[in-house]
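Got the viewer open? Let's take a short walk through this one, stop by stop.

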Amino acid sequence: MASALDHEPHGDHQTRKATASGWIGSALEYYDFFIYATAASLIFPQIFFPKTDPKVAIIASLATYGVGYVARPIGAVFLGHWGDTHGRKTVLIVCMFLMGISTVGVGLLPTYEQVGLLAPALLVLLRLIQGFAVAGEISGASSMILEHAPFGRRGYYSSFTLQGVQAGQVLAAAIFLPLAHYMDPDSFMSWGWRIPFLLSVVVIIAGYIIRREVHETPAFAEEGQHGEIPNSPVIDAIKYSWKDMLRVICMALMNVIPVVTTIFGAAYAVQPGYGINFPKDVYLWIPVVGNIVAVVVIPIVGNLSDKIGRKPLVISGAILSGLLSYLYLYAISIHNLPLAVVASLLMWGVVYQGYNAVYPSFYPELFPTRTRVSGMAISQNLGTAVTALLPVLFVTVAPPGSTNIPMTIGSITLGVTIIAALAALSARETYRVHLNDLGNANAREVPKDEYDRIREQTRNAAQLAKA
């Protein structure tokens with residue numbers, strides 16, 4: 001009969017500390033990533049680029065934002081290798097320092113008027129470092145939490161990685177938007193915009209204090225004791241797990257949902273060419289409220305994935321959110337602002353979390369310990385990078401003045417989410433597989449009755465520890 005100790009790594013499982021480290025690290029790193037995205041559209045065109053042609057300045061500024069996505073697959077290769085050879089804790093500290101220093105650097109940059117073309121050149125360089133750093137955060141944090149979590153609770157604890165991501169974006173908005181609203185416009189453009197970037201010093205200090213307290217995961221430590229740490233985890237991941245990497249690439253296309261909600265949806269709703277003319281400030285708050293809803297929903301879904309499995313939630317979340325994109329875009333097309341807001345929150349804040357809350361456990365569970373960070377980081381960031389091209393595709397097939405936009409964009413969105421759902425359907429279920437057996441296509445699942453018994457024991461032990 002299987003027990004909670006069979007095929008599980010031995011050692012000190014610091015579940016709470018690892019979860020707190022993953023949550024706070026992800027929150028702080030995505031705080032940095034989000035304030036750059038906001039500033040790239042609102043501030044940087046006037047600060048870091050020539051004022052002779054405002055349109056060119058806007059395009060160039062948004063291009064620097066896209067550069068971060070170009071750097072992510074490259075960062076995934078290097079940081080994935082580091083995480084699988086030097087440890088999860090080490091790579092997370094590296095990611096934190098790279099992200100924190102580059103973000104503070106943006107806040108200290110001279111303007112175009114001060115140094116000319118050197119200003120945008122330095123901005124691009126720092127953005128490349130940001131994209132490079134963030135590529136290792138989710139895979140490293142997810143792997144660390146997963147490997148510290150008790151059997152039967154991996155989905156719940158790993159979901160806090162993504163809850164941290166959403167919370168970081170809420171924090172960024174909570175700091176950036178009030179500054180932009182209440183400060184004198186000249187003061188904000190002169191120096192106020194730098195405040196959120198300089199506050200990233202907190203990333204370096206708080207993140208290091210928290211992450212240094214977490215031990216390396218027992219699973220990685222055992223790999224080292226047995227001499228099984230690979231010299232080239234990236235090559236091994238591609239060689240032995242290429243099918244699962246392809247599945248993750250396809251599932252990561254689910255990023256189409258936030259793209260439709262906050263990028264194309266916003267352009268469709270507020271740009272004069274489309275003729276809808278919703279208030280712009282509403283679309284500044286839609287991602288904020290959506291992230292707040294997600295913060296509440298994510299651990300609930302993560303816990304549910306430990307009860308019924310990863311695949312049902314990913315598949316249903318993919319297809320239902322794809323279908324809801326029709327409603328969201330239709331609400332915009334008929335100028336129904338309340339319906340558009342409700343549809344966006346339902347699609348992105350709730351249903352999409354069936355995927356978003358589960359992938360931090362599902363992705364790393366598809367790979368063995370020795371290549372876990374590399375396999376997840378590379379494939380997830382490749383899939384996400386593809387979705388960064390979707391706004392251009394959407395505007396190309398549905399430019400201002402075109403008809404039947406909800407059907408056109410909704411159909412593309414549904415098609416992409418169906419690809420993600422099929423990828424999940426083709427994957428093996430992982431939630432009842434012991435940690436040391438993950439990544440093995442022939443691994444046996446613990447029988448459901450025995451799994452439920454072990455899971456209940458784990459929950460009772462956690463409650464006693466709190467008492």
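Helices here are DSSP runs of H or I with at least four residues, numbered from the N terminus. This is a predicted model, where local features need pLDDT of at least 70 and side-chain atom pairs count only at pLDDT 80 or more, while totals for chains, interfaces and linings use all residues. Residues are numbered from 1 along each chain as its sequence is written, and side-chain values use heavy atoms, leaving out hydrogens and water.

Start by selecting Leu320, which you'll find in helix H16. Leu320 is partly exposed, at 45% relative accessible area (buried is under 20%, exposed over 50%, partly exposed in between, with a 1.4 Å probe and protein chains only).

Next, pick Asp84 and Arg88. They form a salt bridge, with the closest N and O atoms 3.0 Å apart (a side-chain nitrogen of Lys or Arg within 4 Å of a carboxyl oxygen of Asp or Glu). Both Asp84 and Arg88 are buried.

Now add Glu147, whose side chain meets that of Arg88 in a salt bridge at 2.7 Å, N to O. Glu147 sits in helix H7 (residues 137-148) and Arg88 in helix H4 (residues 88-107), so this pair ties together parts 59 residues apart in sequence. Glu147 is buried too, with a relative accessible area of 0%. Add Arg372 and you have a linked network of salt bridges: Asp84, Arg88, Glu147 and Arg372.

For the last stop, select Asp244 and Arg428, another salt bridge, with the closest N and O atoms 3.1 Å apart. Asp244 counts as buried at 7% relative accessibility, whereas Arg428 is partly exposed at 22%.

Conventions: Helices (H or I, at least four residues) and strands (E, at least two) are DSSP runs, numbered from the N terminus.
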